[in-house]
There are 2 protein chains.
Amino acid sequence: MNIEIASRQLEALGNPTRLTLYRTLVRAGRGGLPVGHVQERLDMPASTLSHHLKRLVAAGLVRQERAGTSLICHAEYPAMDALLGFLTDECCADECCAEEGRNRGDA
Amino acid sequence: MNIEIASRQLEALGNPTRLTLYRTLVRAGRGGLPVGHVQERLDMPASTLSHHLKRLVAAGLVRQERAGTSLICHAEYPAMDALLGFLTDECCADECCAEEGRNRGDA
DNA sequence: AGGCTATTTCCATGAACATCGAAATAGCCT
DNA sequence: AGGCTATTTCGATGTTCATGGAAATAGCCT
């Protein structure tokens, strides 16, 4: 993980439509969801959805798997974990945070 | 926390310059860092830095405190925690994730 | 092959973003 | 007030993004 990848992933999530889309996939769990199903659920034009989905895939946050004419979309949980870890990673590293109220591990 | 706020915060972090800036503040810990200090450390024009900082403040991820002519910037840790929580929040909610490999609480 | 469904790519348009120099402001100190 | 430092706002420019209709592609099925 590095700044380039992390910022690209955060940017991908930093749009209401895409964040909603991503959360829909996160909620869907490991089974994933076909594109068409997502489209119905979120009620948006197919081309718009496809663009956003492409961004999420390019960022490595979503994986797609073909199943006949449908494409199943899955949230890439490990990627999300890595991203979350990166954000809290070196918290207070320049200060050596020793107080209990605010550490990176808990909460 | 809601989609609007979360996506705004993620968007704020979704830029390499701003993410670097934010991480610098996260590393700095509760003591914070004056704008000028950040500027020297990241070596960027003051106006550019100011714009990015404003975005982070507007997103609620950074707090600023005046100290004489300097402005001390702090990472808002609670906001980060809330955001991170939001991302993993309803993981698999539509599927009832019961397997051990992938839950929202751990890791 | 022909038809059908699912999804993507092409294209265009308006909006928002990133960057940074120059000028303006805020706050101290004498 | 005058001068000094720290930081922000203004203004301008080029870039990227968001959106969605229309056309193209992918993959099945008969």
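**Exercises: a DNA surface and a helix pair**

In this predicted model, the surface near DNA strand C draws at least two residues from each of α3, α4 (46–58) and β3 (70–75) of chain A, and from each of α2 (16–28) and α4 (46–58) of chain B.

**Exercise 1.** Describe the residues that surround DNA strand C, and state which part of the strand they approach.

*Solution.*
Step 1. Count the surroundings: 24 residues surround DNA strand C, and the closest are A:Gly36, A:Leu71, B:Asn15, B:His51 and B:His52.
Step 2. Turn to the strand: of its atoms that come within 4 Å of the protein, 67% belong to sugar and phosphate.
Step 3. Sort the surface by class: it has 15 polar, five charged and four nonpolar residues.

**Exercise 2.** Find polar atoms of A:His51, B:Ser47 and A:Thr69 that lie by DNA strand C, and name the partner of each.

*Solution.*
Step 1. Take the side chains. A polar side-chain atom of A:His51 is 3.3 Å from a base nitrogen of the strand, and one of B:Ser47 is 3.2 Å from a base nitrogen.
Step 2. Take the backbone. For A:Thr69, a polar backbone atom lies 3.3 Å from a sugar or linking oxygen.

**Exercise 3.** Classify the packing of helix α2 (residues 16–28) against helix α3 (residues 35–42) in chain A.

*Solution.*
Step 1. The two axes come within 11 Å and cross at roughly 120 degrees.
Step 2. This angle therefore makes α2(A) oblique to α3(A).
Step 3. The crossing is right-handed.
Step 4. A:Thr20, A:Leu21, A:Thr24 and A:Leu25 of α2(A) meet A:Val38, A:Arg41 and A:Leu42 of α3(A).
Step 5. By class, this contact has four nonpolar, two polar and one charged residues.

Definitions and conventions
Residues numbered from 1 in each chain as written. Chains lettered and ligands numbered in written order. Predicted model: local features only at pLDDT ≥ 70, side-chain atom pairs only at ≥ 80, totals over all residues. Heavy atoms only, no water. Axes fitted to C-alpha atoms, helices over the stretch in contact; angles between N-to-C directions. Helix = DSSP H or I, 4+ residues; strand = E, 2+ residues; numbered from the N terminus. Parallel < 35°, antiparallel > 145°, perpendicular 65-115°, else oblique. Left-handed = near helix turned anticlockwise from the far one by under 90°. Contact = heavy atoms within 4.5 Å. Nonpolar A, V, L, I, M, F, W, Y, C, P; charged D, E, K, R; others polar. Near = heavy atom within 4 Å. Polar contact = N/O pair within 3.5 Å; in protein donor to acceptor, adjacent residues only side chain to side chain.
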